[in-house]
Amino acid sequence: MNRISKDYFIENDTLSIAKGLIGKTLVRDFGKGEILKSKIIETEAYIGEQDLACHASKGKTERNKIMFEDGGLVYVYLIYGMYWMLNFVTEKADHPAAALIRGIEECSGPGRVGRLLKLDKSFYGENLETSNRIWIEDSIIQSKIIATPRIGIDYSGEIWKNKPWRFVVEK
DNA sequence: CAGAAGATCGGG
DNA sequence: CCGATCTTCTGC
């Protein structure tokens with residue numbers, strides 16, 4: 001299997017990446033020979049400082065600063081005091097954007113994904129091209145991909161909450 | 001420095 | 001529908 005390069009995340013636009021990640025394989029090496037491989041089945045795109053659903057809309061902060069770097073890095077953050085959200089930084093430096101992994105074949109729901117992968121603060125900024133703990137491998141999935149509005153961002157207003165920037169395989 | 005809210009989930 | 005649970009951001 002081919003590991004997805006950092007360039008893939010830097011050179012493509014976030015919507016293409018979010019959609020393109022569907023069907024690719026998320027690999028998590030827990031060490032001691034324990035490896036989890038599962039295909040990505042649901043993602044969302046968060047794009048730029050104008051996107052009011054994107055954390056970068058508040059400018060660069062201690063939490064979101066990784067999104068302002070070149071793509072190909074992991075952006076994790078704790079939500080509701082208990083769930084680690086797994087995101088991949090996309091696009092070039094100073095173009096803050098990311099793709100959220102909302103579901104893999106193993107389990108559905110971003111909070112569950114973070115729990116299954118045993119994510120924590122130490123994954124912040126992890127390099128997907130060189131990490132020995134988490135990376136993406138090329139693969140495809142034989143299913144139709146559909147786009148819908150993103151979940152849980154009603155606060156972002158009519159324009160942004162209705163963008164069809166969530167990608168999921170048709171069941 | 002206090003208070004509110006959050007890219008969620010599971011139980012009732 | 002609501003509580004869990006705690007970091008981050010905002011406003012005073």
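Select Leu36 first: in this predicted model, Leu36 is buried, at a relative accessible area of 13%. Leu36 belongs to strand β2. Show its contacts beyond four places in sequence, and Leu26, Val27, Arg28, Phe30, Glu106, Leu116 and Leu117 appear. For a distance across the fold, pick the C-alpha atoms of Leu36 and Val169: 133 residues separate them along the chain, and 20 Å in space.

**The nonpolar cores**

Next, select the largest nonpolar core, which has 34 residues. Phe9, Leu21, Leu26, Leu86, Phe88 and Ile134 have the most contacts inside this core. Colour by secondary structure to see where the core residues come from: α1 (6–11), α2 (14–21), β2 (34–47), β3 (74–79), β4 (83–89), β5 (97–104), β7 (134–137) and β9 (166–169) each give two or more. The most come from β2, which gives five residues.

Centre on Phe9. Apart from neighbours within four places in sequence, Phe9 is in contact with Ile4, Ile17, Leu21, Gly71, Gly72, Phe88, Val89, Thr90, Glu91, Leu128 and Ile136. A second core, separate from the one above, holds 15 residues, including Tyr46, Ala53, Ile66 and Leu100.

**Aromatic pairs**

Display the Phe, Tyr and Trp rings; the whole structure has five aromatic pairs. One of them joins Tyr75 and Tyr77, a tilted pair with 5.3 Å between centres and 35 degrees between planes. Both partners are buried: Tyr75 has 2% relative accessibility, and Tyr77 has a relative accessible area of 13%. Then move to Tyr8, Phe9 and Phe88, which ring pairs link into a cluster.

**Arg166**

Select Arg166 in strand β9. Is this residue buried or exposed? Arg166 is buried, because its relative accessible area is 16% and the cut-off for buried is under 20%. Its side chain makes a polar contact with the side chain of Glu42, at 2.7 Å. Glu42 is also among the residues that Arg166 touches, a list that continues with Thr43, Glu44, Arg102, Ile146, Ala147, Thr148, Pro149, Arg150 and Ile151, leaving out residues up to four places away in sequence.

**DNA strand B**

Turn to DNA strand B and show the 21 residues that surround it. The closest are His55, Tyr83, Asn87, Arg115 and Tyr155. Of the strand B atoms that come within 4 Å of the protein, 52% belong to sugar and phosphate.

Three side chains can be picked out here:

- Tyr83: a side-chain N or O atom is 2.9 Å from a sugar or linking oxygen of DNA strand B.
- Arg102: a side-chain N or O atom is 3.2 Å from a phosphate oxygen of this strand.
- Arg112: a side-chain N or O atom is 3.0 Å from a phosphate oxygen of this strand.

The surface near DNA strand B draws two or more residues from each of β3, β4, β5 and α3 (110–116). The largest share, four residues, comes from α3. Coloured by class, this surface shows twelve nonpolar, six polar and three charged residues.

**DNA strand C**

Finish at DNA strand C. Which residues are around this strand? They are Lys58, Thr61, Arg63, Leu78, Tyr80, Gly81 and Met82. Sugar and phosphate make up 62% of the strand C atoms that come within 4 Å of the protein. By class, the surface near strand C has three nonpolar, two polar and two charged residues.

Zoom in on Thr61, where a side-chain N or O atom is 2.5 Å from a phosphate oxygen of DNA strand C. At Tyr80, look at the backbone instead: one of its N or O atoms lies 2.2 Å from a base oxygen of DNA strand C.

Note on methods:
Residues numbered from 1 in each chain as written. Chains lettered and ligands numbered in written order. Predicted model: local features only at pLDDT ≥ 70, side-chain atom pairs only at ≥ 80, totals over all residues. Heavy atoms only, no water. Near = heavy atom within 4 Å. Polar contact = N/O pair within 3.5 Å; in protein donor to acceptor, adjacent residues only side chain to side chain. Nonpolar A, V, L, I, M, F, W, Y, C, P; charged D, E, K, R; others polar. Core = buried A, V, L, I, M, F, W, Y, C linked by side-chain atoms within 4.5 Å. Buried < 20%, exposed > 50% of the residue type's maximum accessible area, 1.4 Å probe, protein only. Contact = heavy atoms within 4.5 Å. Phe/Tyr/Trp six-rings, centres within 6.5 Å; stacked < 30°, edge-to-face > 60°.
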